[in-house]
Amino acid sequence: MAEPLKIGVLLSGSGTNLQAILDAVADDGLPVEVVQVVSSRPDAYGIERARKAGIPVVALNRDVYADPEAADARIVEALRAAGAEYVVMAGYMRKVTPVVLDAFPNRVLNLHPALLPAFKGAHAIRDAYEAGVKVTGVTVHFANEDYDKGPIVAQRAVEVREGWTLDDLEAAIHAAEHELYPHVLGLLAAGRVQVGEDGKVHVQ
């Protein structure tokens with residue numbers, strides 16, 4: 001039996017995507033092991049989820065991020081010590097610097113709550129809702145130095161139904177996230193994802 005893919009998860013909030021990954025491991029046999037969690041906030045509920053699962057946590061704070069590259073160096077040190085092969089951003093509200101990107105080239109995943117390149121930025125769900133689009137969705141992509149522009153690994157569409165509130169759309173987006181992220185991690189664990197010389201992701 002192959003060794004599970006070892007990942008480090010970066011989060012800033014409630015950690016629902018971390019929980020979705022852990023549930024997929026426990027319930028569906030997803031061949032992934034979360035070896036380290038890093039939180040950008042010491043009060044993030046995702047820390048409790050990690051500790052409940054027995055996963056080591058590094059909790060940073062605003063003072064640490066006063067020097068973003070020094071903060072990222074601490075993150076890289078923790079991830080490498082834990083043996084992480086991929087970095088998985090799951091509701092992480094800090095932009096990673098080249099310190100992380102260079103340490104894990106084409107191995108830093110981000111989850112964005114829209115169909116990139118549409119609705120970039122921190123308010124993608126609200127922006128899509130206010131624009132009145134009939135279809136939005138979620139994107140998993142490799143992070144690079146251009147915010148929300150890295151090579152796209154996978155996307156899932158979400159239909160915006162008549163009469164939905166913003167809360168309804170947010171719930172549908174999060175449900176899609178919780179399905180798509182574990183799916184992508186399964187592809188990575190199976191070695192089916194490659195970034196080609198054309199800079200695009202190719203899935204076997």
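**Exercise 1. Place Ala26 in this predicted model and decide whether Ala26 is buried or exposed.**

Solution. Start with the secondary structure: Ala26 sits in helix α1. Next, look at its surface. The relative accessible area of Ala26 is 62%, and the cut-off for exposed is over 50%, so Ala26 counts as exposed. As a last step, pick a distant partner for a distance check. Arg62 is 36 residues from Ala26 in sequence, and the C-alpha atoms of Ala26 and Arg62 lie 33 Å apart in space.

**Exercise 2. Find which residues of the largest nonpolar core touch the most other members, and work out which element gives the largest share.**

Solution. A general idea helps to begin with: in soluble globular proteins, nonpolar side chains tend to be buried together. Here, the largest nonpolar core has 40 residues. Those that touch the most other members are Ile7, Val9, Ile21, Val34, Leu109, Leu185 and Leu188.

Now go through the elements. Two or more residues each come from the strands β1 (5-11), β2 (32-39), β4 (86-89), β5, β6 (135-142) and β7 (152-159), and from the helices α1 and α6. The largest share is that of α6, with 10 residues.

Then zoom in on one member, Leu185. Leaving out residues up to four places away in sequence, Leu185 touches Leu5, Ile7, Ile21, Leu30, Val32, Val88 and Leu109. Finally, there is another core apart from this one, made up of 21 residues, including Leu60, Tyr65, Val87 and Val100.

**Exercise 3. Describe the surroundings of Ser39: is Ser39 buried or exposed, and which backbone oxygen does its side chain reach?**

Solution. First, locate the residue: Ser39 belongs to strand β2. Second, judge its accessibility. Ser39 has 0% relative accessibility, so it counts as buried. Third, follow the side chain, which reaches the backbone oxygen of Arg41 at 2.5 Å. Fourth, list the contacts beyond four places in sequence: Ser39 meets Leu11, Ala44, Ile47, Val58, Ala59 and Leu60.

**Exercise 4. Compare the settings of Arg74 and Val160: what is the relative accessible area of Arg74, and what is that of Val160?**

Solution. Take Arg74 to begin with. Arg74 is part of helix α3 (residues 68-82). With a relative accessible area of 44%, Arg74 is partly exposed. Beyond four places in sequence, Arg74 touches Leu60 and Val64. Leu60 is 14 residues away along the chain, and the C-alpha atoms of Arg74 and Leu60 are 9.4 Å apart.

Now turn to Val160, which lies in the loop between β7 and α6. Its relative accessible area is 15%; the cut-off for buried is under 20%, so Val160 is buried. Not counting residues up to four places away in sequence, Val160 touches Val133, Lys134, Val135, Thr136 and Leu169. Val133 is 27 residues from Val160 in sequence, with a C-alpha to C-alpha distance of 7.2 Å.

**Exercise 5. Look for backbone features in the loops: where is the cis peptide bond, and what is the phi of Asn106 and of Phe119?**

Solution. Begin with omega: about 10° at the peptide bond joining Leu116 and Pro117, which is cis. Pro117 is in the loop between β5 and α5.

Next, check phi. Phe119 has a positive phi of about 55° although it is not a glycine. Phe119 is also placed in the loop between β5 and α5, and at 25% relative accessibility it is partly exposed. Asn106, a residue other than glycine, has a positive phi near 55°. Asn106 is found in the loop between α4 (98-103) and β5, and its relative accessible area of 42% makes it partly exposed.

**Exercise 6. Characterise the largest pocket: what is its volume, and which residues are closest to its centre?**

Solution. Step one is the volume, about 750 Å³. Step two is the lining: of its 35 residues, Gly91, Tyr92, Met93, Leu111 and Pro113 are closest to the centre. Step three is to ask which elements contribute two or more residues to the lining; these are α1 (16-28), β5 (108-112), α5 (124-131) and α6 (166-189). Step four sorts the lining by class: 14 residues are nonpolar, 14 polar and 7 charged.

Definitions and conventions
Residues numbered from 1 in each chain as written. Predicted model: local features only at pLDDT ≥ 70, side-chain atom pairs only at ≥ 80, totals over all residues. Heavy atoms only, no water. 1 Å grid on protein atoms, 1.4 Å probe; cavity = no way out; pocket = protein on both sides within 12 Å on 5 of 7 lines; lining within 4 Å. Points joined across faces, edges and corners; volume = space filled by probe spheres on them. Helix = DSSP H or I, 4+ residues; strand = E, 2+ residues; numbered from the N terminus. Nonpolar A, V, L, I, M, F, W, Y, C, P; charged D, E, K, R; others polar. Buried < 20%, exposed > 50% of the residue type's maximum accessible area, 1.4 Å probe, protein only. Core = buried A, V, L, I, M, F, W, Y, C linked by side-chain atoms within 4.5 Å. Contact = heavy atoms within 4.5 Å. Polar contact = N/O pair within 3.5 Å; in protein donor to acceptor, adjacent residues only side chain to side chain.
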